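Take a moment to look over the chain before reading on. We'll start at one spot and work outward from there.

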Amino acid sequence: MITVDVRQRRATQMGRSDQPCGVCGSANVVAMRSHAVRRGAAWINPRFDPAPRTHDLCRDCGAKHRTENGVRV
Ligand SMILES: [Zn+2]
């Protein structure tokens, strides 16, 4: 049996979010972009989805708010 981790994700900070944290109200929120890193068996996985995902991350309480095109969903 072979176990392969196909869903490692890498996150990149894109800058400060213009919206405060929805949990604690802090303005110390950064916009992040993350994408799956294709490796191992993912190279031959036809369902591999490398589409980047974005979220706002509160640096005070750690809350994540998923965003699409800069808008929280
Ligand atoms: Zn917060």
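Once you skip its neighbours within four places in sequence, V37 is in contact with Q8, R9 and R10; two residues are in contact if their C-beta atoms, placed from the backbone, lie within 7 Å. Take R10 out of that group: V37 and R10 are 27 residues apart in sequence, yet 6.6 Å apart in space, C-alpha to C-alpha. V37 itself is found in the loop between β2 (29–36) and β3 (53–58). Strands here are DSSP runs of E with at least two residues, helices are runs of H or I with at least four, and both are numbered from the N terminus. Is V37 buried or exposed? Neither, really: with 14 C-beta neighbours inside 10 Å, V37 counts as partly exposed. The scale works like this: a residue is buried if 20 or more other C-beta atoms lie within 10 Å of its own, exposed if 12 or fewer, and partly exposed in between, with C-beta atoms placed from the backbone.

A word on where all this comes from. You're looking at a predicted model, where local features need pLDDT of at least 70, side-chain atom pairs count only at pLDDT 80 or more, and totals for chains, interfaces and linings use all residues. Residues are numbered from 1 along each chain as its sequence is written.

Now step back to the whole protein. Its secondary structure comes to zero helices and five strands, so to read the elements from the N terminus on, you just go β-β-β-β-β. Those five strands form an open sheet in the order β1-β2-β3-β4-β5, with antiparallel pairing; two strands pair if DSSP finds at least two bridges between them. At the edges sit β1 (9–16) and β5 (71–72), each pairing on one side only. Of the 73 residues, 8% count as buried. As for contacts with a separation of 6 or more, 48% of them come from residues 24 or more positions apart.

Let's walk across part of that sheet, beginning with β2 and β3. Six bridges join these two antiparallel strands, and A31 stands opposite D56 in β3. Which side chains of β3 point to which face? They alternate: T54, D56 and C58 point to one face and are buried, while R53, H55 and L57 point to the other and are not.

From β3 we move on to β4, which covers residues 64–68. β3 and β4 pair in the antiparallel sense over four bridges. H55 stands opposite R66, and T54 has T67 as its bridge partner. The hairpin of these two strands has five residues between them, and there G62 takes a positive phi near 85°. How many of the five residues of β4 are buried? Zero, so β4 lies largely in the open.

One of the residues in β4 is E68. It has 10 other C-beta atoms within 10 Å, which is why E68 is exposed. Leaving out its neighbours within four places in sequence, E68 is in contact with T54 and V73. E68 and P52 are 16 residues apart along the chain, and their C-alpha atoms are separated by 10.0 Å.

That leaves the step from β4 to β5. Two bridges join these strands, which run antiparallel, and T67 has R72 in β5 as its bridge partner. Their hairpin has two residues between the strands. What is notable about the phi of N69? It is positive, at about 55°, although N69 is not a glycine. N69 has its place in the loop between β4 and β5, and because it has 6 C-beta neighbours inside 10 Å, N69 counts as exposed.
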